[in-house]
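Visitor: I am new to this structure and should be grateful for a close look at a single part of it. Please choose one strand and describe its surroundings.

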Amino acid sequence: MKECNLSLNTIILYGINHLRKRNGKGIISIESWDGKIVNEPRGGMRSLLTFVSEFHQTPLNHNFLYTPEEMSYVLRNVSTRNNSLLYLALHGQPESVQIGMYSEFNITLNELATMMGRRFEGFGMHLASCAVMSSSEESIYDFMNKTGVLFVSGYKSYVDFISSSIVDL
């Protein structure tokens, strides 16, 4: 994307219009939440995304992970065919996302862009992660340029899991 003076909201609307032109409308989701017990149910967002997927008759590829190596593996190997949205349900803070059993792994937007490469070019991307969108606009635009995603949406502040999940619908 060329440098411009558009707001992020305008970029999102632009991306949504172009996303509609993609052949596939499937969702690739990647989730990592902290937990105190290893055997607790994995995939808190899976039920919500399955509902959305079934309601809209849209394919869903859900991935749960704990380490940066798993994240890198999924981003390198997940099929992008017939998909158009990358949904990351991770903890976050300005300029980075966090994964792991106790959110011990911090991945900057730049590192995430490197992991993604341009495999998701033409996709929309939603960061269901606290505060990542309060990153500098330069960081967001740089991330979009490096990855080729049409838009990035998410949260500018720290949000409650249930409330933000409802918004994500």
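Guide: The account below concerns strand E1 and its partners, followed by a word on confidence.

The model is a predicted one. Strand E1 covers residues 26–32, and seven of its seven residues are buried, so the strand is largely enclosed by the rest of the structure. Burial here means a relative accessible area under 20%. The side chains of E1 divide between two directions: Gly-26, Ile-28, Ile-30 and Ser-32 point one way, while Ile-27, Ser-29 and Glu-31 point the other way, and all are buried.

Two strands pair with E1. With strand E3, residues 83–93, E1 forms seven bridges in the parallel sense; within E3, Leu-90 is the bridge partner of Ser-32. With strand E2, residues 60–64, the pairing is again parallel and runs over five bridges. In that pairing, Asn-61 of E2 stands opposite Ile-28.

As to confidence, the protein has a mean pLDDT of 81, and 76% of its residues reach 70 or more. The lowest confidence belongs to helix H1, residues 8–19, with a mean of 48, and the highest to helix H4, residues 109–116, at 97. The pLDDT is below 50 over residues 1–16, a stretch that has 23 contacts in the model beyond near neighbours in sequence. Residues 37–41 likewise have a pLDDT below 50, and this stretch has four contacts beyond near neighbours in sequence.

Conventions. Residues numbered from 1 in each chain as written. Predicted model: local features only at pLDDT ≥ 70, side-chain atom pairs only at ≥ 80, totals over all residues. Heavy atoms only, no water. Buried < 20%, exposed > 50% of the residue type's maximum accessible area, 1.4 Å probe, protein only. Helix = DSSP H or I, 4+ residues; strand = E, 2+ residues; numbered from the N terminus. Pairing = 2+ DSSP bridges. pLDDT = per-residue confidence, 0-100. Contact = heavy atoms within 4.5 Å.
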